[in-house]
Amino acid sequence: MQMISLLGATGSIGVSTLDVIARHPDKYAIYALTAYTQVDKLAEQCQQFNPKFAVVGDAVSAERLQVKLRACGCDTEALYGLEALCQVASDAAVDTVMAAIVGAAGLVPTLAAVKAGKKILLANKEALVMAGGLFMQAVADSGSVLLPIDSEHNAIFQCLPSDYGRSADNGVKKLLLSASGGPFRGWTLEQMQRVTPDQACAHPNWSMGRKISVDSATLMNKGLELIEACWLFAVPERSIDVIVHPQSIIHSLVQYSDGSVLAQLGNPDMRTPIAHALAWPQRIDSGVANLDLFNIARLDFEQPDMQAFPSLAIARAAAQAGANAAAIMNAANEVAVQAFLDQRIGFTQIAEIVEQTLNNQTVCEPESLEAVQESDSEARLYSSTLIKSLEK
Ligand code: NAD
Ligand code: MG
């Protein structure tokens, strides 16, 4: 029996993870479920999965949750705050941690799980983007098993040789990162100026949380994923090409020196990478329908439009710059995406704010977690001020 802590249980990845787990009660049990403010949804999940702990963002929510849990006869204990998140992520009783909190908020609890040597199922790409060097060092030090949930990275992981990382001569030439192109594929910058949050969140192939949906629309999601891939697979950014593939059936590919290209295909449903990582190196049923290639009929490929989607070039530059550049970029992006969702700035201003923040902040090597967090805070402050000045 694998004992699991699921961080971000009420989100899109969290719900898909519970769907897979519910299909295999003989293999997986839940130690803790966490959420931020969605007390009602978390209480329902606790009733179904009966975890030892449930963690929320603050004391008031925890109190409300505890009352609800008692009322339905559920003996889950409600906790709150960052310390509790770290505790359920690192407890000796836990084997596996699904890191599915969105954004920088996931970094500290995910690192706590890494340091405790847990098997990590990583959906929270922002944690790796912010603190890749420290994160991968912590993985190496603790011997933690790190498995990618992001569909592209999970696909690459499946296409790499099993001794990748242990053998220098593996014949891997390039990683080809799939991108759907998002809801505005084929649009010009001018056309994107007045799009609404709901338009940006209406992804053609994937149903996801609002932050990652906006990132997919700007292509910053692909930029974050480029940096995520550099850390996960220890390759420089120039070894990764981005391929726009609108059907989202090929989730990514690995090109080898002999001309072979291996790809992983599947329906666009996150339960496949989740089930893959949960059961790895075995395979389990995920609930995903069989891929019907006759129905799909064709697969298309395009170059990304670098003019219309400047975020991709910004992310490549941040990957090249290294040090704390990606942490600055990530923080400014989180602030700008939230401002766009709150209808305080326009869609195309997201990339402008990220770029200006990067140009203004000092790039230096972060030697500690505190240094990463300082870069994150300074970039948030700068980009927030920038947004206020734009609103006037
Ligand atoms: P979501 O917004 O649907 O869910 C986010 C979860 O994090 C919720 O449970 C929420 O309660 C929790 N949370 C939010 N802020 C928090 C905070 N400050 N402290 C503690 N918990 C907090 O997001 P999602 O779409 O499930 O994405 C989660 C992560 O997975 C993101 O990093 C995203 O980039 C990544 N990811 C998602 C998908 C997808 O299909 N949704 C695919 C690949 C990667
Ligand atoms: Mg992805």
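Q: Is the crossing of H14 and H16 left-handed or right-handed?
A: The crossing of H14 and H16 is left-handed. The term applies if the near helix is turned anticlockwise from the far one by less than a right angle, whereas a clockwise turn is right-handed. This is a predicted model, in which local features need pLDDT of at least 70, side-chain atom pairs count only at pLDDT 80 or more, and totals for chains, interfaces and linings use all residues. Residues are numbered from 1 along each chain as its sequence is written, chains are lettered from A and ligands numbered from 1 in the order in which they are written, and side-chain values use heavy atoms, with hydrogens and water left out.

Q: Why are H14 and H16 called roughly parallel?
A: Helix H14 (residues 311–321) and helix H16 (residues 349–360) have axes that cross at roughly 25° and come within 10 Å. Angles under 35 degrees count as roughly parallel, over 145 as roughly antiparallel, 65 to 115 as roughly perpendicular and the rest as oblique. H14 and H16 are therefore roughly parallel to each other.

Q: Which residues make the contact of H14 with H16?
A: Ser-311, Ile-314 and Ala-318 of H14 meet Ala-351, Val-354, Glu-355 and Leu-358 of H16, where contact means heavy atoms within 4.5 Å. By class, five of these residues are nonpolar, one is polar and one is charged. Ala, Val, Leu, Ile, Met, Phe, Trp, Tyr, Cys and Pro count as nonpolar, Asp, Glu, Lys and Arg as charged, and the others, Gly among them, as polar.

Q: What makes H14 roughly antiparallel to H15?
A: H14 packs against helix H15 (residues 325–341) at an angle of about 150°, with the axes 8 Å apart. That angle makes H14 roughly antiparallel to H15. The contact is formed by Ile-314, Ala-315, Ala-318 and Ala-321 of H14 with Ala-325, Ala-326 and Met-329 of H15. It comprises seven nonpolar residues, with no polar and no charged ones.

Q: Why are H10 and H11 called roughly perpendicular?
A: The angle between H10 and H11 is about 95°, and their axes are 5 Å apart. H10 and H11 are therefore roughly perpendicular to each other. On H10 the contact involves Lys-211, Ile-212, Asp-215, Ser-216 and Thr-218, and on H11 it involves Met-220, Asn-221 and Leu-224. These residues comprise three nonpolar, three polar and two charged.

Q: What is notable about the phi of Leu-219?
A: Leu-219 has a positive phi of about 75° although it is not a glycine. Most residues other than glycine have a negative phi, and most peptide bonds are trans. Leu-219 sits in the loop between helix H10 (210–218) and helix H11 (220–233).

Q: Is the peptide bond from Trp-280 to Pro-281 cis or trans?
A: This bond is cis, with omega near 5°. Pro-281 belongs to the loop between helix H12 (271–279) and helix H13 (293–296).

Q: Which residues are the closest to ligand 1?
A: Of the 21 residues that surround ligand 1, the closest are Thr-10, Ser-12, Ile-13, Glu-126 and Gly-209. A residue is counted if one of its heavy atoms lies within 4 Å.

Q: How do you know that an oxygen atom of ligand 1 and the side chain of Thr-10 make a polar contact?
A: An N or O atom in the side chain of Thr-10 is 2.8 Å from an oxygen atom of ligand 1. A polar contact is a pair of N or O atoms within 3.5 Å, so the pair qualifies. A backbone N or O atom of Gly-8 lies 3.3 Å from an oxygen atom of ligand 1.

Conventions:
Axes are lines fitted to C-alpha atoms, for helices over the stretch in contact, and angles run from 0 to 180 degrees between N-to-C directions. Helices (H or I, at least four residues) and strands (E, at least two) are DSSP runs, numbered from the N terminus. A polar contact is a pair of N or O atoms within 3.5 Å; within protein, one must be able to donate a hydrogen and the other to accept it, and residues adjacent in sequence count only if both atoms are side-chain atoms.
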